[in-house]
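The following exercises are to be worked through with the sequence and the model at hand. Each task is followed by a solution in steps.

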Amino acid sequence: MRSALLLASSGCLTALHVTTPAPTVAEAPAFALPAQDGHRVALADELAHGPVVLVFYRGFW
Amino acid sequence: MLAISGDSAEDSRVFAERYHLPFPLLGDADLAVSRALTGVTSDGNTLPGIVIVRGDREIVERRLATAKDDRVSTAGLVEALDRALGTHGPAITDDQFGAIDRIQLRLDAGGGHAPGGVTGVANVTALAPLARFVVVGPRASFDLRDAPVALGGELALRLPFVNDIAAIELGGIAEYAPVAPRGAIVGGTAALWFAWSPQWSLQLAVEVDREGGAQRITGTFGVARMFETPW
């Protein structure tokens, strides 16, 4: 049973080519990244308006 | 909400346009932000995940994909947001204005028992929120039997519930009928108000008035168009 679970999970990992997830951190690091229209969006500016949901996705592929 | 991937600005622009995305798509070209918050896959891509950051920068929720098609459902995300932020689901809001904070233009009609017998009534009321628990505004009412037109106002205390999309209201009415039979009308009303959108609500009310020493009891059902409060 345990080996089956391990096999299943390794299958998932292989499917996603996971290396290592980021370590759990308590605070989001400050960052500013360019949006699709070129203007830079800073997390700090967004947080000034309230909580922010960051959605990480694999992109257009 | 911010979406982050390793995509180029051009790819993100095409993607956002194709799906009419209202939030910015940020390009994490060197994957530094991905590496810090979710992770990077061995094929050099962002590890999909959702991170909820509170205003003080504390990360209150982090969910990482564990399989290729692993996605958080909308309900799951709302639940996570509620748990993380202490909220209670999405209130009916439109551009940050909740129905409870809006000006209402109400049209109510119904009938009841007036001093002269059975009657039909209609009220047009404009109510503005003075505070979360108080609405006030002018009212014009029409009574088929006893007072063709009466003009005055209403002040109501309201007790919001169900996520501020419904309220019980207890109000006072003071009006004057300028045409015969002239006279003052004072009364009280109890109502159940329900907003089904930020623009429209329904209300069911019972009203008891004194006019010329006699009592009138009416029940009304109405609809309100709601507008953003300009203050």
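**Exercise 1. Establish how many salt bridges join chain A and chain B, and describe the side of chain A that touches chain B.**

Step 1. The count between the two chains is 2 salt bridges, a salt bridge being a side-chain nitrogen of Lys or Arg within 4 Å of a carboxyl oxygen of Asp or Glu. In one salt bridge, the side chains of A:Arg58 and B:Asp43 meet at 2.9 Å, N to O.

Step 2. On chain A, the elements that each supply at least two residues to the side touching chain B are helix H1 (2-16), strand E1 (18-21), strand E2 (32-34), helix H2 (43-47) and E4. Helices (H or I, at least four residues) and strands (E, at least two) are DSSP runs, numbered from the N terminus. E4(A) gives the largest share, 5 residues.

Step 3. By class, this side of chain A has 27 nonpolar, 7 polar and 3 charged residues. Ala, Val, Leu, Ile, Met, Phe, Trp, Tyr, Cys and Pro count as nonpolar, Asp, Glu, Lys and Arg as charged, and the others, Gly among them, as polar.

The model is predicted: local features need pLDDT of at least 70, side-chain atom pairs count only at pLDDT 80 or more, and totals for chains, interfaces and linings use all residues. Residues are numbered from 1 along each chain as its sequence is written, chains are lettered from A in the order in which they are written, and side-chain values use heavy atoms, without hydrogens and water.

**Exercise 2. Determine which residues of H3(B) are buried and what they pack against.**

Step 1. Helix H3 of chain B covers residues 74-85.

Step 2. Its buried residues (under 20% relative accessible area, 1.4 Å probe, protein chains only) are B:Gly76, B:Leu77, B:Ala80, B:Leu81, B:Asp82 and B:Ala84.

Step 3. An α-helix has 3.6 residues a turn, so residues three or four places apart point the same way.

Step 4. The buried residues of H3(B) pack against strand E4 (52-56) of chain A and against strands E4 (49-53) and E5 (59-64) of chain B. Just after the helix, B:Gly86 has a positive phi of about 70°.

**Exercise 3. Locate B:Leu202 and list its contacts beyond four places in sequence.**

Step 1. B:Leu202 lies in strand E14 (residues 200-211) of chain B.

Step 2. Contact means heavy atoms within 4.5 Å. Beyond its neighbours within four places, B:Leu202 touches B:Leu192, B:Trp193, B:Phe194, B:Trp196, B:Phe221, B:Gly222 and B:Val223.

Step 3. Between B:Leu202 and B:Val223, 21 residues apart along the chain, the C-alpha separation is 4.5 Å.

Methods. Expected span 1.5 Å × (residues − 1). Buried < 20%, exposed > 50% of the residue type's maximum accessible area, 1.4 Å probe, protein only.
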